[in-house]
Amino acid sequence: MLLTLYKSALRPIEIKALLKLKIKGKAYAPPKESLNELAQKLDDKAFCYAALGKVSRSFSVVIQQLPENLKDAVCVFYLVLRALDTIEDDMQFPLEDKLPLLETFHTKTYDEKFSLSGIGDQDDYRVLLENYPKVVRMFKTLNKDSQKTIVDITAQMGKGMAEFAEKEIDTLNDFDLYCHYVAGLVGIGLSGLFVASRLETLPLKDRNGTSNAMGLFLQKTNIIRDYHEDLYADRTFWPKEVWGQYADNLDDFAKDPESEVSRACLNHMVTDALQHIPDCLEYLKYVKDEQVFRFSAIPQIMAIATLCKLYNNPKVLKGVVKVRKGLAAKLMIYAVSRDAVYKYFEKGLRKIEKKCKNGTPHAEQTKKQIAVIRLKIQELS
Ligand code: MG
């Protein structure tokens with residue numbers, strides 16, 4: 001915490017936001033004991049919220065601030081997808097067992113006897129799968145529309161993960177399809193849950209294209225940011241159709257991160273992610289409930305803040321680049337209205353534009369993309 005405050009020392013708004021968030025975070029923090037110990041003594045609902053807090057501190061805080069009639073559904077949705085992703089990510093799990101499980105995992109949402117042991121590369125993930133009957137019982141308390149949405153999305157995602165477990169992300173189409181499976185579907189599912197909770201109305205659910213874009217924008221941002229980490233974990237998500245224009249091997253960029261070619265590829269990837277912003281802004285236009293709006297908007301403005309840091313930044317190619325915690329806190333606290341969101345997007349675009357000086361590779365394409373986004377902001381505001 002001290003180092004975090006120090007990094008924001010000259011930014012009093014960030015310090016204020018950090019302290020506010022710290023208090024909020026404490027109010028929503030999971031119990032201190034291990035999830036395994038908690039599983040022995042908590043009821044189903046308390047276990048689900050404890051598991052949520054253990055597997056994702058940041059999501060847990062925002063989910064718990066959602067309206068009462070929505071947050072249980074989003075909590076269960078998150079845990080079901082976390083369990084599915086744990087199966088996908090476990091590289092020790094033999095493919096002949098993994099593939100059928102990914103494809104049938106949605107049926108386990110009704111099965112109070114289903115649990116798995118020894119799957120998952122983190123303790124909390126393993127405990128979640130060992131105690132899956134608790135998630136199932138909590139799922140059964142949700143209304144039928146929410147249940148249907150969760151099962152439907154889990155089925156599509158599992159099928160998509162199985163498809164990509166055996167194939168590379170080669171073309172930009174593959175890239176968009178993979179991101180649709182693992183993130184676009186989350187956007188579509190959340191829209192379904194918002195409508196099932198009656199907080200939002202049908203037009204939102206019908207907007208599958210823009211719901212999908214909400215997920216794609218976040219997922220692509222993470223994939224660009226995690227280049228280095230994924231490279232050394234032997235996972236590749238950058239599409240060859242892009243990086244193949246700049247190098248023979250994806251790890252060439254890590255060997256020479258400062259070079260123009262490496263930065264050109266990085267900037268190309270960022271520009272590809274930027275194309276989803278107009279659809280994201282269009283989606284946010286249709287969200288009416290204030291808490292649902294914040295829940296939807298905060299990750300989006302975090303993503304644009306992240307892309308600003310990543311653009312033309314060789315550090316991305318050799319390590320970890322993160323948004324200052326103080327800035328993240330400020331965005332989380334102040335992204336309350338449509339106008340504030342447009343303001344933060346505009347700020348982000350200006351920062352990227354500033355980096356598009358003479359000699360910045362891929363700058364012309366980036367500037368064109370920024371112009372398209374500005375037109376959309378004008379149209380909406
Ligand atoms: Mg995964």
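Helices are DSSP runs of H or I with at least four residues, numbered from the N terminus. Axes are lines fitted to C-alpha atoms, for helices over the stretch in contact, and angles run from 0 to 180 degrees between N-to-C directions. The model is predicted: local features need pLDDT of at least 70, side-chain atom pairs count only at pLDDT 80 or more, and totals for chains, interfaces and linings use all residues. Residues are numbered from 1 along each chain as its sequence is written, and side-chain values use heavy atoms, with hydrogens and water left out.

**Helices 8 and 9**

Select residues 123-130, helix 8, together with residues 132-139, helix 9; their axes come within 4 Å and cross at roughly 60°. Helix 8 and helix 9 are therefore oblique to each other; angles under 35 degrees count as roughly parallel, over 145 as roughly antiparallel, 65 to 115 as roughly perpendicular and the rest as oblique. Leu128, Leu129 and Glu130 of helix 8 make the contact with Tyr132, Pro133 and Val135 of helix 9 (heavy atoms within 4.5 Å). By class, 5 of these residues are nonpolar, none is polar and 1 is charged. Here Ala, Val, Leu, Ile, Met, Phe, Trp, Tyr, Cys and Pro count as nonpolar, Asp, Glu, Lys and Arg as charged, and the others, Gly among them, as polar.

**From Tyr132 to Phe105 and Thr154**

Keep Tyr132 selected and add Phe105: the two form a tilted aromatic pair, 5.3 Å centre to centre with 50° between the planes. Rings of Phe, Tyr and Trp (its six-membered ring) pair if their centres lie within 6.5 Å; planes under 30 degrees apart count as stacked, over 60 as edge-to-face and the rest as tilted. Phe105 is in the loop between helix 7 (95-104) and helix 8, and Tyr132 is in helix 9, 27 residues apart. Both Phe105 and Tyr132 are buried (under 20% relative accessible area, against over 50% for exposed and in between for partly exposed, with a 1.4 Å probe and protein chains only).

Next, select Thr154 in helix 10 (residues 144-165). Thr154 counts as buried, at 0% relative accessibility. Beyond its neighbours within four places in sequence, Thr154 is in contact with Val80, Leu81, Leu84, Phe105 and His106.

**Helices 10 and 11**

Show helix 10 with helix 11: the axes come within 9 Å and cross at roughly 175°. That makes helix 10 roughly antiparallel to helix 11. Residues that meet here include Ile153, Met157 and Phe164 in helix 10, and Tyr178, Tyr181 and Leu185 in helix 11. The contact has 14 nonpolar, 6 polar and 3 charged residues.

**An aromatic cluster**

Phe164, Tyr178, Tyr181 and Phe237 form one aromatic cluster. Tyr178 is buried, and Phe237 is buried as well. Turn to Phe164 and add Lys167, which lies over the face of the Phe164 ring at 4.7 Å from its centre; a charge sits over a ring if NZ of Lys or CZ of Arg is within 6 Å of the ring centre and within 35 degrees of the ring normal. Elsewhere, Lys343 lies over the face of Tyr344, at 5.2 Å from the ring centre.

**Last stop: Val321**

Select Val321 in the loop between helix 19 (290-310) and helix 20 (325-334). Val321 is buried, with a relative accessible area of 7%. Not counting residues up to four places away in sequence, Val321 touches Arg225, Lys309, Leu310, Asn313, Lys315 and Val316.

Key. Helices (H or I, at least four residues) and strands (E, at least two) are DSSP runs, numbered from the N terminus.
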